[in-house]
Amino acid sequence: MPMTNSNPSLSRSDTQTLTWADCEQKVRKLHQAATGEVTEDESRRLYHLELSASRHAGKSPRHVLEQAKAVLRS
């Protein structure tokens, strides 16, 4: 019997592998959308996370993206 994703709260994008390039693009998009709504320190942190994604630095692309989302929630 094939295993299926029985959790309807997970979207397709949540179950797909996130590449470093996708991560960088998503962090950049979050940063651009938040321009003017974040402090200078938060903006620097988001830029740093963009660089981390471009250099493939960090635990995983998903982890870097979650860190960026956390910066915006703070």
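Let me start with contacts along the chain. Take pairs of residues at least 6 apart in sequence: of those contacts, 64% join residues at least 24 apart. Keep in mind that this is a predicted model.

Now the overall layout. The chain has four helices and zero strands. Reading from the N terminus, the order is α-α-α-α. There are 74 residues, and 23% of them count as buried. The accessible surface is about 5,500 Å². Carbon and sulfur atoms account for 51% of that surface.

On to helix packing. Two packed helices are described by the angle between their axes and the distance between the axes. I have three pairs to show.

Pair one is α2 with α4. Helix α2 covers residues 20-34, and helix α4 covers residues 61-73. Their axes come within 9 Å and cross at roughly 10 degrees. Angles under 35 degrees count as roughly parallel, so α2 and α4 are roughly parallel to each other. Who makes the contact? From α2 we have W20, C23, K26, V27, L30 and A34. From α4 come P61, V64, L65, A68, K69 and L72. By class, that contact holds ten nonpolar residues, two charged and no polar.

Pair two is α2 with α3. Here the axes are 8 Å apart, and the angle is about 165 degrees. The cut-off for roughly antiparallel is over 145, so α2 runs roughly antiparallel to α3. The crossing of these two helices is left-handed. On the α2 side, the residues are W20, C23, E24, V27, R28 and H31. They meet S43, L46, Y47, L49, E50, S52, A53 and S54 in α3. This contact divides into seven nonpolar, four polar and three charged residues.

One residue in that contact deserves a stop: E50. Which helix holds E50? It sits in helix α3. Is E50 buried or exposed? The relative accessibility of E50 is 7%. Buried means under 20%, so E50 counts as buried. And what does E50 touch? Set aside residues up to four places away in sequence, and the partners are E24, V27, R28 and H31. Those four partners also appear on the α2 side of the contact with α3.

Pair three is α3 with α4. The axes come within 10 Å, crossing at roughly 170 degrees. That makes α3 roughly antiparallel to α4. E42, R45, L46, L49 and A53 are the α3 residues here. Opposite them in α4 are V64, Q67, A68, V71 and L72. The class split is seven nonpolar, one polar and two charged.

Last stop, a loop residue. Where is V38? V38 lies in the loop between α2 and α3, with α3 spanning 40-54. What does V38 contact, once its neighbours within four places in sequence are left aside? The answer is S43 and L72. Look at the second one. V38 and L72 are 34 residues apart along the chain. Their C-alpha atoms are separated by 7.5 Å. L72 is also one of the α4 residues in the contact with α2, and L72 is among those meeting α3.

To recap the directions. α2 and α4 are roughly parallel. α3 is roughly antiparallel to α2 and roughly antiparallel to α4.

Key. Residues numbered from 1 in each chain as written. Predicted model: local features only at pLDDT ≥ 70, side-chain atom pairs only at ≥ 80, totals over all residues. Heavy atoms only, no water. Buried < 20%, exposed > 50% of the residue type's maximum accessible area, 1.4 Å probe, protein only. Contact = heavy atoms within 4.5 Å. Areas by Shrake-Rupley, 256 points an atom, 1.4 Å probe, with all protein chains shown as cover. Axes fitted to C-alpha atoms, helices over the stretch in contact; angles between N-to-C directions. Parallel < 35°, antiparallel > 145°, perpendicular 65-115°, else oblique. Nonpolar A, V, L, I, M, F, W, Y, C, P; charged D, E, K, R; others polar. Left-handed = near helix turned anticlockwise from the far one by under 90°.
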